[in-house]
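Dear colleague,

Please find below the structure that I am handing over to you, followed by an account of what was found in it. I would be grateful if you would read the two side by side.

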Amino acid sequence: MARLSLNKTALHREQSRLKQFRRLLPSLDLKRRQLISERLHARETLYASEAELDALVVGVRDRLPMAGDDTLEFHDLARVTRVQLREHNLLGVHLPILENVDIDVAEYSTLTTPHWLDRYREALRDALALTVRLQVERERLRRLERAVKRVTQRVNLFDKVLIPRTRENIRRIRIHLADGERSAVVRAKLAKRKQTQGASP
C-alpha cells in the first residue's frame, strides 16, 4: 500500500474519495437488497416447480402403476427437440428466461399397445417440459446467488474497509496538519520573543 502523504492535497483527495464512497454505498446496498429479493422469488419458483414435478411423478405412479412393468419397452415416446431461451438483464445480471420448449411425441399403433399409453405419453411430455423449466430456474438461481455474493462483497468492502480507512487517513492528516500549525505558531512566538529581547538594552 502506498504511503499516505500528510498534506492538504492528500486531505482534499481523501475527503473527495470519502464523499464518493458514501455516494456509491447506498446504491450498491439497494442493488444488493433488490437482488436478494429476486433470489428469494427465484428460490420459491424453483421449489414450486420441484413440487409440481414430484406431484406429477406420484400421480403417474398412482394412476398408471402398470407403466413400471419391466417387460414393456417404450423408446422415444417423448423427446425435447428445441428449447427457446432469452436473457433478461436485471441490475447488470443476465438471467435466463424460458420462452418455449418443443417436445415431439411418438406416434404408435393403438391396436398393438396398451390403452393407458396415451396418458403415460402425455405425463412424460409434461415431465420433460417441467425438467427443462427446472434446469433454467436452477441456472437463474445460481446466477442470482453469484451476483448477490459479489455485490455483498463490494458493499462490505466499502462499508467495512474503504470508508473506515479513508476516515482514518483524514483523521491522521488533520492531526498532522494541526500539529504543524501549532508548532509554527510556537516557533513564531519564540522568534518574536527573541527579537524583542534582542532589541531591548
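**Findings from the model**

The chain comprises 2 helices and 2 strands. Read from the N terminus, these elements follow the order α-β-β-α. Please bear in mind that this is a predicted model.

With regard to the chain as a whole, 27% of its 201 residues count as buried. The exposed surface of the chain amounts to about 14100 Å², of which carbon and sulfur atoms supply 52%. When contacts between residues at least 6 apart in sequence are considered, 79% of them join residues at least 24 apart.

The two strands may be taken next. S1 and S2 pair in the antiparallel sense, over 12 bridges. Together they form a hairpin with 2 residues between the strands, and Leu91, in the turn, has a positive phi of about 55°. As one example of the pairing, Arg82 has Asp102 in S2 as its bridge partner.

Strand S1, which spans residues 78-90, also contains Leu85. This residue joins Val80 and Val83 in making a nonpolar surface patch of about 220 Å². Leu85 has a relative accessibility of 48% and therefore counts as partly exposed, given that the exposed class begins over 50%.

Turning to the interior, the largest nonpolar core has 30 residues, and those that touch the most other members are Leu35, Leu53, Leu144, Phe158 and Ile173. At least two residues of this core come from each of helix H1 (8-63), strand S2 (93-105) and H2. H2 provides the largest share, with 15 residues. Apart from this core lies another, of 6 residues, including Val60, Leu64, Trp116 and Ala123.

Phe158 deserves a separate entry. Setting aside its neighbours within four places in sequence, Phe158 is in contact with Phe21, Leu24, Leu25, Leu28, Ile163 and Pro164.

Finally, Lys149 is located in helix H2, which covers residues 117-199. Its relative accessibility is 55%, so Lys149 counts as exposed. Although Lys149 and Leu35 are separated by 114 residues in sequence, their C-alpha atoms are 9.8 Å apart in space. Leu35, for its part, is one of the residues that touch the most other members of the largest nonpolar core.

Yours sincerely

Note on methods
Residues numbered from 1 in each chain as written. Predicted model: local features only at pLDDT ≥ 70, side-chain atom pairs only at ≥ 80, totals over all residues. Heavy atoms only, no water. Patch = residues over 30% accessible without salt bridge, like charges linked within 9 Å, V, L, I, M, F, W, Y side chains within 5 Å. Areas by Shrake-Rupley, 256 points an atom, 1.4 Å probe, with all protein chains shown as cover. Salt bridge = Lys/Arg side-chain N within 4 Å of Asp/Glu carboxyl O. Helix = DSSP H or I, 4+ residues; strand = E, 2+ residues; numbered from the N terminus. Buried < 20%, exposed > 50% of the residue type's maximum accessible area, 1.4 Å probe, protein only. Core = buried A, V, L, I, M, F, W, Y, C linked by side-chain atoms within 4.5 Å. Contact = heavy atoms within 4.5 Å. Pairing = 2+ DSSP bridges.
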